[in-house]
Amino acid sequence: MSPDVDQGGAGGAVAGEGAVVLLSGGLDSATCLALAGAQGYACHALSIDYGQRHRAELQAARRVARSLGAASHRVVSVDLSAIGGSALTDSGIPVPETPAEGIPVTYVPARNTTLLSLALGLAEALDLRRIFIGANAVDYSGYPDCRPAFIEAFEALANLATRAGIEGDGFQVHAPLIALTKAEIIRLGVVHGLDYALTVSCYQADEQGRACGVCDSCRIRRAGFAAAGLADPTRYRPGAD
């Protein structure tokens with residue numbers, strides 16, 4: 001694993017206590033970064049190149065980090081495509097374009113566990129105690145690692161498995177969006193100055209970051225803007241909108 005570090009960003013570092021914020025480049029994680037910054041944290045954004053099908057969301061993460069003035073932005077590579085088992089990491093598994101029951105094939109085994117573990121390592125290395133993740137358990141696709149019980153369990157693990165947790169003040173894992181609807185999340189981001197045109201949520205965005213309009217993530221995102229009563233700034237591929 002090798003980090004690609006982008007220090008600074010538009011607007012400079014935010015004064016105050018530092019925090020690590022997981023930033024995928026999608027709507028929820030970008031809102032989480034905007035919220036953490038608005039709360040006064042100096043945000044060290046962390047994006048993970050985990051072998052996902054497209055690069056567009058990582059490019060979006062860089063745009064969002066700059067726009068919101070993250071104190072730093074790292075992109076760390078860990079290849080979950082070597083494990084497979086998900087339509088997001090295995091091009092041989094089609095991304096579903098119609099709703100289905102149960103946990104969908106876009107679930108990536110151990111993804112949020114891996115992401116939070118890397119965020120925990122960075123937080124400990126930087127001597128920080130706050131970690132933010134944009135997990136959401138309301139308008140979501142049924143992923144078990146987006147539920148409150150998982151976040152609570154990981155926070156307990158963090159304080160058992162680290163030197164800082166044993167000898168220091170302990171870690172807090174924040175999931176401020178976990179009980180909000182997509183419309184509520186969008187309104188919150190707008191209040192805090194987030195430009196959602198910078199974000200990419202689509203599971204199968206093209207190289208230009210244009211959305212397919214039919215995957216679970218696109219449908220949930222589109223419905224969120226409609227419910228919020230706001231124009232959808234998403235760039236769709238020709239014929240998708």
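The exercises below, each with a worked solution, concern a predicted model.

**Exercise 1. Surroundings of strand β2**

Determine how many residues of strand β2 (residues 18-22) are buried, and what this says about the strand.

Solution. Begin with the two sides of the strand. G18, V20 and L22 point one way from β2, and A19 and V21 point the other way. Next, check burial: residues on both sides are buried. The count is therefore 5 of the 5 residues, so β2 is largely enclosed by the rest of the structure.

**Exercise 2. Partners of strand β2**

Find which strands pair with β2, and in what sense.

Solution. Take β3 (residues 42-49) to start with. It pairs with β2 in the parallel sense over 5 bridges, and G18 stands opposite A42 in β3. To get from β2 to β3, the chain passes through helix α1 (residues 27-38), and this β-α-β crossover is right-handed. Now take β5 (residues 130-132). Its pairing with β2 is also parallel, over 2 bridges, and here V20 stands opposite I131.

**Exercise 3. Cysteines**

Decide why C43 and C212 form no bond with their closest cysteine sulfurs.

Solution. A disulfide requires two cysteine sulfur atoms within 2.5 Å. For C43, the closest cysteine sulfur is in C32, at 8.5 Å, which is too far for a bond. For C212, the closest is in C202, at 3.5 Å, and this is too far as well. A search of the whole structure agrees, finding 0 disulfides.

Then classify the two residues by accessibility, where buried means under 20%. C43 has 3% relative accessibility, so C43 is buried. C212 has 6%, so C212 is buried too.

**Exercise 4. A loop residue**

Establish whether T89 is buried or exposed, and which residues are in contact with it.

Solution. First locate T89: it lies in the loop between β4 (72-77) and α3 (111-125). Its relative accessible area is 9%, so T89 counts as buried. Leaving aside neighbours within four places in sequence, its contacts include Y50, G51, R53 and V108.

**Exercise 5. Nonpolar cores**

Describe the largest nonpolar core and state which element gives the most to it.

Solution. The largest core has 46 residues, and those with the most contacts inside it are L46, I48, L116, I133 and I151. Elements giving two or more residues to this core are β2, β3, α2 (56-67), α3 and α4 (148-158). Of these, α3 gives the most, with 7 residues. For a single example, I48 touches L58, V76, V78, L115 and L118, not counting residues up to four places away in sequence. A second, separate core has 27 residues, among them A34, C43, A61 and L177.

Note on methods. Residues numbered from 1 in each chain as written. Predicted model: local features only at pLDDT ≥ 70, side-chain atom pairs only at ≥ 80, totals over all residues. Heavy atoms only, no water. Buried < 20%, exposed > 50% of the residue type's maximum accessible area, 1.4 Å probe, protein only. Helix = DSSP H or I, 4+ residues; strand = E, 2+ residues; numbered from the N terminus. Pairing = 2+ DSSP bridges. Right-handed = clockwise from strand over helix to strand, strands pointing away. Contact = heavy atoms within 4.5 Å. Core = buried A, V, L, I, M, F, W, Y, C linked by side-chain atoms within 4.5 Å.
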